[in-house]
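Grab a pencil and let's work through a few exercises together. Try each one yourself before you read the solution.

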Amino acid sequence: GSNNYGASNPALAERVQGDIDEFLAEHPDLTVEDIPTDLVTASGSGLDPHISPASAAVQIPQLAENTGLTEEQFVADNTTGKVLGIFGEETVNVLGVNLDIAEALGLIGGVD
């Protein structure tokens with residue numbers, strides 16, 4: 001699990017800054033402003049299987065480079081809109097994307 005730091009805990013700011021520094025080191029073409037918030041924060045449990053479409057978009061170029069796939073369709077197929085078009089936010093199911101990629105790479109059989 002993850003640490004559940006309160007907003008006033010200095011360890012949270014240190015952890016987030018460390019995550020930002022690590023992400024930028026791995027993505028030198030990006031700036032801190034390019035990093036969606038949900039890439040450097042965590043859900044209450046730290047286990048949320050969803051990210052924002054912006055977070056998925058930031059990771060698409062590296063994913064394509066590492067797999068040789070064009071994954072825009074995987075993201076689109078695993079994006080859920082707002083409930084009734086107004087409640088919540090669009091989200092991308094990371095598990096669904098990973099399963100689709102694994103299937104496309106022949107690592108697993110068809111997933112339904």
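**Exercise 1.** Which element do the buried residues of α1 pack against?

*Solution.* Keep in mind that you're looking at a predicted model.
- Start by picking out the buried residues of α1: Val16, Ile20 and Phe23.
- Next, see where they sit around the helix. Looking down the axis of α1, they fall within an arc of 70 degrees, so they line one face of the helix.
- That fits a general rule: an α-helix has 3.6 residues a turn, so residues three or four places apart point the same way.
- Now look for the partner: these buried residues pack against α2, residues 53–67.
- Finally, flip to the face turned away from the buried side, where you'll find the exposed residues Pro10, Glu14 and Ala25.

**Exercise 2.** Work out what span to expect for helix α1, and compare it with the model.

*Solution.*
- Helix α1 covers residues 10–26, which is 17 residues.
- At 1.5 Å a residue, the helix should span 24 Å.
- In the model, its end C-alpha atoms are 25 Å apart, which agrees.
- While you're at the start of α1, spot asparagine 9: one of its side-chain oxygens comes to within 2.8 Å of the backbone nitrogen of alanine 11.

**Exercise 3.** In what order do the three strands of the open sheet lie?

*Solution.*
- The order is β1-β3-β2, with antiparallel pairing.
- The edge strands, β1 (50–51) and β2 (79–80), each pair on one side only.
- Zoom in on β1 and β3 (residues 91–93): two bridges join them, and isoleucine 51 stands opposite valine 92.
- Last, find helix α4 (residues 94–104), which packs on the sheet and touches β1 and β3.

Notes:
Residues are numbered from 1 along each chain as its sequence is written. This is a predicted model: local features need pLDDT of at least 70, side-chain atom pairs count only at pLDDT 80 or more; totals for chains, interfaces and linings use all residues. Side-chain values use heavy atoms; hydrogens and water are left out. Helices (H or I, at least four residues) and strands (E, at least two) are DSSP runs, numbered from the N terminus. The expected span of a helix is 1.5 Å times one less than its number of residues. Buried means under 20% relative accessible area, exposed over 50%, partly exposed in between (1.4 Å probe, protein chains only). The arc is that of the directions from the helix axis to the C-beta atoms. Contact means heavy atoms within 4.5 Å. A polar contact is a pair of N or O atoms within 3.5 Å; within protein, one must be able to donate a hydrogen and the other to accept it, and residues adjacent in sequence count only if both atoms are side-chain atoms. Two strands pair if DSSP finds at least two bridges between them. Axes are lines fitted to C-alpha atoms, for helices over the stretch in contact, and angles run from 0 to 180 degrees between N-to-C directions.
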